[in-house]
Amino acid sequence: MGYKTFPILPTARKSGLPVEDSGQRQVHINCPFCGDRRRRLYLYTGTDQYHCFHCGAHGNAVSLYARRTGLSYRDAYHELLGDSVIHFPRPAVQCPPERGPAPLDRRDTVYRAMLGLLPLSAAHRDSLLARGLTDAAIRQNGYRTLGSGKELRDQIAAQLSARFDLNGIPGFFYKLGAWRTCAYSGLLVPVRAADGRVQGIQIRRDDAERMKYAWMSSADRPYGTGARSWVHVAGDRSRKEAVITEGPIKGDVSSFLTEGTLFVCIPGVNAVSFLADALKELRVSQAWEAFDMDKRCNPQVQAAVSRLRLEMKKAGVPCRTMAWDPAYKGIDDFLAMKRSA
């Protein structure tokens with residue numbers, strides 16, 4: 001008898017987690033391992049794997065059950081093997097396939113055209129000015145505002161689909177004979193590759209209590225495409241020394257306040273999948289870690305710093321830790337204070 005795999009959602013429920021089967025490829029719940037309350041534990045129904053984008057916990061259905069129950073992996077496997085409910089065959093559901101991301105040049109073209117259709121609200125402009133940017137820097141970075149309402153999103157999709165192929169563009173999906181837009185309302189932040197092209201869009205959601213930042217993604221929609229954990233590059237790309245921090249706006253602001261320092265910004269402290277490739281493309285020879293100053297007392301951030309150092313070691317890039325007055329959590333907050341002093 002070969003090794004059997006187990007469906008992630010019933011296994012999670014059996015372990016005591018409150019999980020509903022929404023029919024989507026990803027189900028987001030609060031993480032029981034790190035206590036995160038912003039539903040950053042993803043259960044992937046296609047691969048029956050899980051991953052927490054806050055603490056980095058990951059594995060398959062068996063390891064999830066083992067960790068939740070305190071059983072060994074072997075004992076967890078055999079307990080699941082004997083559960084007739086877990087093993088009951090799932091009905092075959094015809095689900096339109098998810099597309100992989102389109103090439104960078106096509107994503108860049110579509111996203112730039114989309115941003116050109118949208119304004120920047122006065123509230124978002126004032127917020128960016130308060131963080132230390134100027135109007136010229138705001139225009140250069142290409143921020144825009146996406147308001148609420150299905151009609152606006154349908155208009156965006158209709159205008160873009162008349163000019164471009166939207167297959168493989170995260171945030172767009174095809175349903176009932178038309179392309180549609182899937183995105184939260186808020187401030188749209190272009191995430192730029194090492195050469196400056198827009199590879200994805202992050203959204204700073206207005207008044208969000210959880211998941212304050214989200215990708216523009218259509219992973220769970222018919223013929224949609226999920227975003228990847230792309231890194232954002234800001235500043236003078238000819239420099240060989242880079243500062244690594246979390247979040248594209250933080251990098252944009254910090255680079256501007258330091259007159260072009262090269263910032264390489266990961267979307268989350270554990271999201272380092274594309275970091276080494278970006279540093280290699282930029283030919284960076286020295287890096288500085290500049291995560292928020294709660295790394296002094298937050299075990300999750302401390303663990304993320306350790307993972308980052310390991311990633312830097314594998315990439316062959318020396319990495320040192322940057323610190324500043326802990327009264328200012330982020331490096332952008334500290335730099336803004338210094339500029340105004």
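What follows is a walk through a predicted model, taken from the first strands towards the annotated region.

Let us begin with the first three strands. Strand 1 (residues 26-29) pairs with strand 2 (residues 41-44) in the antiparallel sense, over 4 bridges. To find the register, look at Gln26, which stands opposite Tyr44 in strand 2. Strand 2 also pairs with strand 3 (residues 49-52), again antiparallel and over 4 bridges. Here Tyr42 has His51 as its bridge partner in strand 3. The hairpin of strand 2 and strand 3 has 4 residues between the strands, and Asp48 in this hairpin takes a positive phi near 55°.

This part of the chain is also a good place to look at rings. A pair of aromatic rings is described by the distance of the centres and the angle of the planes. The model holds 7 aromatic pairs. One of them joins Phe33 and Tyr50: the ring centres are 6.2 Å apart and the planes meet at 45°, so the pair is tilted. Where do Phe33 and Tyr50 lie? Phe33 is in the loop between strand 1 and strand 2, while Tyr50 is in strand 3, so the pair ties together parts that are 17 residues apart in sequence. Tyr50 is buried, with a relative accessible area of 3%. Tyr42 and Tyr44 form another tilted pair, with 6.1 Å from centre to centre and 50° between the planes. Are these two tyrosines buried or exposed? With buried meaning under 20% relative accessible area, Tyr42 counts as buried at 15%, whereas Tyr44 counts as partly exposed at 21%. Ring pairs link Tyr42 and Tyr44 with Phe53 into a cluster. Phe33 has a charged companion as well: Arg67 lies over the face of its ring, at 4.1 Å from the ring centre.

Further along the chain comes helix 5 (residues 104-116), where a simple check of geometry is possible. At 1.5 Å a residue, its 13 residues should span 18 Å, and the end C-alpha atoms are indeed 18 Å apart, so expectation and model agree. An α-helix has 3.6 residues a turn, so residues three or four places apart point the same way. With that in mind, follow the buried residues of helix 5: Leu104, Arg107, Asp108, Val110, Tyr111, Ala113, Met114 and Leu115. What covers the buried residues of helix 5? The cover includes helix 8 (150-161) together with strand 5 (144-146), strand 6 (172-175), strand 8 (186-192) and strand 9 (198-205).

Strand 5 offers a closer view of these surroundings through Arg144, which lies in that strand. Arg144 is partly exposed, with a relative accessible area of 24%. Its C-alpha atom is separated by 9.6 Å from that of Met114, although the two residues are 30 apart along the chain. Leaving aside neighbours within four places in sequence, Arg144 is in contact with Leu115, Leu118, Pro119, Leu120, Gly186, Leu187 and Leu188.

Next, turn to the strands that follow. Strand 6 is joined by 4 bridges to strand 7 (residues 178-181), and the two run antiparallel. Tyr174 finds its bridge partner, Trp179, in strand 7. These strands form a hairpin with 2 residues between them, and Leu176 in the turn has a positive phi of about 55°.

Strand 8 and strand 9 run antiparallel and are joined by 7 bridges. Across this pairing, Arg192 stands opposite Val198 in strand 9. The hairpin they make has 5 residues between the strands, with Gly196 taking a positive phi near 95°. Strand 9 pairs as well with strand 10 (residues 213-215), in the antiparallel sense over 3 bridges, and Arg204 has Tyr213 as its bridge partner in strand 10. Of the 8 residues of strand 9, 7 are buried, so the strand is largely enclosed by the rest of the structure. Arg205 adds one more cation over a ring: its charged end sits over the ring of Tyr184, 3.9 Å from the centre.

Finally, the record adds an annotated region. An unreviewed UniProt entry gives "domain: DUF3854" for residues 243-338. In the model, this span is 45% helix and 17% strand, and its end C-alpha atoms lie 18 Å apart.

Terms used:
Residues are numbered from 1 along each chain as its sequence is written. This is a predicted model: local features need pLDDT of at least 70, side-chain atom pairs count only at pLDDT 80 or more; totals for chains, interfaces and linings use all residues. Side-chain values use heavy atoms; hydrogens and water are left out. Two strands pair if DSSP finds at least two bridges between them. The expected span of a helix is 1.5 Å times one less than its number of residues. Buried means under 20% relative accessible area, exposed over 50%, partly exposed in between (1.4 Å probe, protein chains only). Contact means heavy atoms within 4.5 Å. UniProt positions are given in the numbering used here, feature names are shortened, and annotations may be inferred rather than shown by experiment. Rings of Phe, Tyr and Trp (its six-membered ring) pair if their centres lie within 6.5 Å; planes under 30 degrees apart count as stacked, over 60 as edge-to-face and the rest as tilted. A charge sits over a ring if NZ of Lys or CZ of Arg is within 6 Å of the ring centre and within 35 degrees of the ring normal.
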